[in-house]
Every structure is written in structure tokens, then in C-alpha cells.
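Hi,

Here's the structure I said I'd pass along. Have a look at it first, and my notes are underneath.

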Amino acid sequence: MTVAKQTMTLPPTESATRPRRWPRSVAAIFLGFVAVVVLSVGTDQILHVLRVYPPWDEPMLDTGLLLLALSYRVIYTVIGGFFAAWLAPEAPMRHAVILGIIGLLPGAGGVMAAATMDLGPLWYPVAIALSGLPCCCLGGVLYRATRASR
């Protein structure tokens, strides 16, 4: 007597049918972060070279200059959120939010450094830390709006 083997096939799962997208997700968030840092530090450097800002080794205490720095950092963070959403393989808004959450880490580090090392007024790093997530979200919303208008 011969026993026939039966094989049972299951339908493919969703994860088996879709390609892995996490490398693209990581890249989208990373490149959004790099965009914010490069634009911010690049603008800082230009303003230091033009002697608008004091030398790097001196604290910046002027409220007007700090407001200038905060203003372009806010704009660059919105751009970073837009960029992360644009590069996202799916769920663009989620990528912008994740970028904003990740940005809280260096923001909190800046607050701690400013509080312990007398780097200038504490309101500035607090404003940077608190503005990151809403600005990244705004970047995601702007991406969604540009995509919907097509």
C-alpha cells in the first residue's frame, strides 16, 4: 500500500507579496534629517563668514540673531519633513512624523547642553526642540497637498 503525500499550500501573506520597503523608509527619514542639518549648518556657516554671527567659539546672545536662526531652522525643518514624505515608499505623513520624533533627540540634547554649559539663552534650544515635530508634520501636510493637487 502506497501513501500519497499531500501538501497544503497557503495563500501568500501580504508581507510575502510586497517587497521589503524598510530600507527606503530608513533612507527617506535619514535624508530628510540630513537635509535639515546641511541646510541649517550651511546657513550658519555663511552667516559666520559674513560676520553676521559672532565667531563659532563665542555664544550668540543677541535675541534678533537667535530669532533669525530659529526662523530659517523652522523653514528647513518643514523642508526636511516634506523631503521625508516625498521619498517615502508609502505612508508619507508617517515618515514626516517619525523624522520629527527623531529630531526631538538632538533637540533635547541641545536644551541640556545649553542649560549646563551657558551657551546662551535657554529659550532658543527649547524653541528648536519643540518646533521640530510640528514643522515636520507641516512638511508632510504640504507634500500631501501638492500631491493631491495633481
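**What I found**

The protein has five helices and zero strands, so reading along the sequence you get α-α-α-α-α. Keep in mind that this is a predicted model. Of its 150 residues, 31% count as buried. Among contacts with a separation of 6 or more, 70% are between residues 24 or more positions apart.

I spent a while on α3, which covers residues 63–87. Its 25 residues reach 36 Å from first C-alpha to last, close to the 36 Å expected at 1.5 Å a residue. At the N-terminal end of α3, aspartate 62 acts as the cap: one of its side-chain oxygens sits 3.1 Å from the backbone nitrogen of glycine 64.

Then there's how α3 meets α5 (residues 123–148). Their axes come within 7 Å and cross at roughly 35°, and the crossing is right-handed. Sorted by class, the residues in that contact are 18 nonpolar, eight polar and one charged.

One more spot to look at is serine 40, in helix α2 (residues 22–49). Is serine 40 buried or exposed? It counts as buried, because its relative accessibility is 6% and the cut-off for buried is under 20%. Leaving aside residues up to four places away in sequence, serine 40 touches Tyr72, Arg73 and Tyr76.

That's everything from me for now.

Cheers

Notes: Residues numbered from 1 in each chain as written. Predicted model: local features only at pLDDT ≥ 70, side-chain atom pairs only at ≥ 80, totals over all residues. Heavy atoms only, no water. Helix = DSSP H or I, 4+ residues; strand = E, 2+ residues; numbered from the N terminus. Buried < 20%, exposed > 50% of the residue type's maximum accessible area, 1.4 Å probe, protein only. Contact = heavy atoms within 4.5 Å. Expected span 1.5 Å × (residues − 1). Polar contact = N/O pair within 3.5 Å; in protein donor to acceptor, adjacent residues only side chain to side chain. Axes fitted to C-alpha atoms, helices over the stretch in contact; angles between N-to-C directions. Left-handed = near helix turned anticlockwise from the far one by under 90°. Nonpolar A, V, L, I, M, F, W, Y, C, P; charged D, E, K, R; others polar.
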